Amino acid sequence: MIDLIHVTKRFGDAVAVDDISLSVARGELCVLVGTSGCGKSTTLRMINRLIEHSEGEIHIDDQQIRAFREETLRRRMGYAIQSTGLFPHWTVARNIGLVPRLLKWPKAKVQARVEELMALLGLAMEAFAGKYPHQLSGGQAQRVGVARALAADPDILLMDEPFGALDPITRQSLQDELRELQSRLHKTIVFVTHDMDEALRLADHLVVMHQGRIVQQGRPLALLREPADGFVESLLGGEDRGLKEAALLPVSQRMLPLGPRLLARERIGQHASLREALSVMLWRHAERLTVVDDDDLPVGELSLRRLVGVRSDE
Ligand SMILES: Nc1ncnc2c1ncn2[C@@H]1O[C@H](COP(=O)(O)OP(=O)(O)OP(=O)(O)O)[C@@H](O)[C@H]1O
């Protein structure tokens, strides 16, 4: 759906983005990750033409972006940024309704859309519609920013460190919500972050950038297992890669059917990650866990040997 073909961006003599090629399929969540100044935001902004690319081609649905009218292009693309960009003297409701109003939707339709989005993002109408941005917490402001980006129902969402300024707990819950939203709304998302855990948690397609170039791209697990070079390996966490991989794999992938042995006392849900299972084992000094389903009924067991990938289980 989004294709960048040999795209370069120069600011004067400086090359900010250097001959990158990248494809994002419809409904995919693509994460650009890399060290500061590697060209992530510039890449994102070239997609909605906030920045014009110098060379190469950028296509949306096989059409060059320069063939679209800017207004048409921006309507198709929601844009959410770390600082939220909310207008300080406008209420939450007015901020969220900005793009639909610009598109001259009838008043009642704008109002209905604002209500729908506030419900979607977990912002109670009575509590928040009339509030001003300075009266919101960081997490609430970020939600309003995401709601505003979704307002005209764009099929593409561009997000530049949208959860950057948040504490880890709020951040994780917004990440979970974003994944949930995406699985329901099927948006195509390009997401910029420099936080590798966030990138691994969110990405269908992970793109690692360094000094304006793409050094590796693919599925997160593929990059973890076979980093292209030492830079990608260290960015992915070096020795911590085993734990990062375990965080991406569900318990159900390694559990064995219930055997004749007594059930282990400690339990873990089947949707938990192997990393969580390892943590429970360490914390409870247990080598075996009973895996339970959503109704808390035993469905299998996980041993430490299986968890670490030893194939033959005694
Ligand atoms: N408008 C501009 N004029 C000149 N140089 C720019 C401009 N915008 C960005 N750059 C340069 O382009 C390079 C890439 O910047 P970019 O903001 O894309 O990096 P980034 O990976 O998003 O960094 P960060 O994670 O710090 O936000 C940097 O060297 C930056 O200084």
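This text leads through a predicted model, beginning with the whole protein and moving on to its sheet, its ligand shell, a pair of helices and some loop residues.

Taken as a whole, the protein contains 14 helices and 13 strands, and its C-alpha atoms fill a box of roughly 65 × 50 × 30 Å when that box is taken along the principal axes. Of the 314 residues in the protein, 36% are buried. If one takes the contacts between residues at least 6 apart in sequence, 62% of them join residues that are at least 24 apart.

A good place to start is the sheet that includes the strands E1 and E2. Here 4 strands form an open sheet in the order E2-E1-E4-E5, with antiparallel pairing, and its edge strands are E2 and E5 (63-64), each of which pairs on one side only. Strand E1, which covers residues 2-11, runs antiparallel to E2 and is joined to E2 by 7 bridges. Two of the facing positions can be followed in the model: leucine 4 stands opposite leucine 22 in E2, while phenylalanine 11 stands opposite alanine 14 in E2. Between the two strands of this hairpin there are 2 residues, and glycine 12 in the hairpin takes a positive phi near 60°.

Phenylalanine 11 and alanine 14 also lead to the ligand, since both belong to the residues around the ligand, which are Phe11, Ala14, Ala16, Gly34, Ser36, Gly37, Cys38, Gly39, Lys40, Ser41, Thr42 and His194. Two elements give two or more residues to this shell, namely strand E2 (14-24) and helix H1 (40-47), and H1 gives the most, with 3 residues. Sorted by class, the shell around the ligand has 4 nonpolar, 7 polar and 1 charged residues.

Helix H1 itself deserves a further look. Which residues of H1 are buried? They are Lys40, Thr42, Thr43, Leu44, Met46 and Ile47, and with 6 of its 8 residues buried, H1 is mostly covered. Lys40 and Thr42 thus appear both in the list of buried residues of H1 and in the list of residues around the ligand. Just after H1, arginine 49 takes a positive phi of about 65°.

Further along the chain, two helices offer an example of packing at an angle. The axes of helix H12 (residues 241-248) and helix H13 (residues 274-284) come within 5 Å and cross at roughly 110°; because angles of 65 to 115 degrees count as roughly perpendicular, H12 is roughly perpendicular to H13. On the H12 side the contact involves Leu243, Ala246 and Ala247, which meet Leu274, Arg275 and Leu278 in H13. By class, this contact of H12 with H13 has 5 nonpolar, no polar and 1 charged residues.

Finally, two loop residues can be picked out by their backbone angles. Lysine 104, in the loop between helix H4 (98-102) and helix H5 (107-120), has a phi near 60°, a positive value in a residue other than glycine. Is lysine 104 buried or exposed? With 7 other C-beta atoms within 10 Å, lysine 104 is exposed, because a residue with 12 or fewer such atoms around its own counts as exposed. Aspartate 296 lies in the loop between strand E12 (288-292) and strand E13 (298-303), and its phi is near 70°, again a positive value in a residue other than glycine. Aspartate 296, with 8 C-beta neighbours inside 10 Å, counts as exposed too.

Methods: Residues numbered from 1 in each chain as written. Predicted model: local features only at pLDDT ≥ 70, side-chain atom pairs only at ≥ 80, totals over all residues. Near = placed C-beta within 6 Å. Nonpolar A, V, L, I, M, F, W, Y, C, P; charged D, E, K, R; others polar. Pairing = 2+ DSSP bridges. Axes fitted to C-alpha atoms, helices over the stretch in contact; angles between N-to-C directions. Parallel < 35°, antiparallel > 145°, perpendicular 65-115°, else oblique. Contact = placed C-beta atoms within 7 Å. Buried ≥ 20, exposed ≤ 12 C-beta atoms within 10 Å, placed from the backbone.
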